[in-house]
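Thanks, everyone. I will take this one in order: salt bridges, sheet, core, and then two single residues.

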Amino acid sequence: MTGLLADLPPGAKVLDLGAGTGRPTAELLAAAGHDVTGYDVAPKMVELARAQVPAARFEVGYMRELSFPDGDWDAITAFFSMLQLPRAEQETVIGRLAHWLKPGGLLVFATVPADVDGVDIVFMGHPVRARSFTTGTLTERLRAAGLEIVREEEALFVPDHPGAGPEPHVYLTARKPD
């Protein structure tokens, strides 16, 4: 996240997809003076986000139904918010995100890098049906959408839940060429 904060112009217009409670992503971006709009499919999450991060806007919305003009956003974040979308829909959404970015705009995308399509897993202590790509396949999809990979970071996250095992995470930052 510090990389994104350093790379954004002052007052950047940022879209946070799958914003959840607004913390930490929208909160950090808004505190840095950026114009942040978050969307989440869960009304309760949007309610929490509005209360916790009043400096940002939050709306109920499903990412595969959202529509914005091309070149509307300086940056888009999507942290683990596509894990439950079918792979074909993930590819479609990634293509749409690329269009929504301004030239030079950044997409920061995080997921559990795995070759899985409809596998039941425990993610951060909750059972979910996961769909994802390996890091290599994901970078190919981002490039196919016309984005350049500018940063790739991997981490092993250990949830603070009894019985939860470590989860590999990948964070990709991609830039729309000028």
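**Salt bridges, sheet and core**

Asp-7, Arg-151 and Glu-153 are linked in a network of salt bridges. Before going on, please keep in mind that this is a predicted model. Within that network, the side chains of Arg-151 and Glu-153 come to 3.8 Å, N to O. Arg-151 is partly exposed, at 24% relative accessibility, and Glu-153 is partly exposed too, at 41%.

How many salt bridges does a search of the whole structure find? The count is 16. I will show two more of them. Glu-47 pairs with Lys-44, with the closest N and O atoms 3.5 Å apart. Both residues lie in helix 3, three residues apart, which is about one turn of the helix. Glu-47 counts as partly exposed, with 48% relative accessibility.

The other one joins Lys-102 and Asp-74, at 3.4 Å from N to O. Lys-102 belongs to strand 5 and Asp-74 to strand 4, so this pair ties together parts that are 28 residues apart in sequence. On accessibility, Lys-102 is partly exposed at 30%, whereas Asp-74 is buried at 17%.

Now the sheet. It is open, has seven strands and mixed pairing, and its order is 3-2-1-4-5-9-8. Which are the edge strands? They are strand 3, residues 57–60, and strand 8, residues 148–157, each of which pairs on one side only. From one strand to the next the twist averages 15°. Strand 1 and strand 4 are paired in the parallel sense, over four bridges, and Leu-17 stands opposite Ala-78 in strand 4.

Two helices to point out here. Helix 3, residues 43–52, packs on the sheet and touches strand 2 and strand 3. The direction of helix 3 makes about 170° with that of strand 3. Helix 5 also packs on the sheet, touching strand 5, strand 8 and strand 9; its direction makes about 150° with that of strand 8.

On to the core. The largest nonpolar core has 26 residues, and the members touching the most other members are Leu-15, Leu-17, Ile-76, Met-82, Leu-97, Trp-100 and Leu-107. Two or more residues each come from strand 1, strand 4, helix 4, strand 5, helix 5 and strand 9. Helix 4 gives the largest share, five residues. Trp-100, leaving out residues up to four places away in sequence, touches a set that includes Leu-15, Met-63, Leu-66, Phe-68, Trp-73 and Ile-76. There is also a second, separate core of 17 residues, with Leu-4, Phe-58, Ala-75 and Leu-106 among them.

Last, the two single residues. Gly-38 is in strand 2 and is buried, with 0% relative accessibility. Beyond four places in sequence, Gly-38 touches Asp-16, Ala-19, Arg-57, Phe-58 and Glu-59. The C-alpha atoms of Gly-38 and Thr-21 are 9.5 Å apart, for a separation of 17 residues along the chain.

Then Arg-131, in strand 7, residues 126–132. Is Arg-131 buried or exposed? Its relative accessible area is 18%, so it counts as buried, the cut-off being under 20%. What does the side chain of Arg-131 reach at 3.2 Å? That is the backbone oxygen of Gln-84. Apart from neighbours within four places in sequence, the contacts of Arg-131 include Met-82, Leu-83, Leu-85, Pro-86, Gln-90, Val-116 and Asp-117. Met-82 is also one of the core residues I listed earlier.

Note on methods:
Residues numbered from 1 in each chain as written. Predicted model: local features only at pLDDT ≥ 70, side-chain atom pairs only at ≥ 80, totals over all residues. Heavy atoms only, no water. Core = buried A, V, L, I, M, F, W, Y, C linked by side-chain atoms within 4.5 Å. Buried < 20%, exposed > 50% of the residue type's maximum accessible area, 1.4 Å probe, protein only. Contact = heavy atoms within 4.5 Å. Polar contact = N/O pair within 3.5 Å; in protein donor to acceptor, adjacent residues only side chain to side chain. Pairing = 2+ DSSP bridges. Axes fitted to C-alpha atoms, helices over the stretch in contact; angles between N-to-C directions. Salt bridge = Lys/Arg side-chain N within 4 Å of Asp/Glu carboxyl O.
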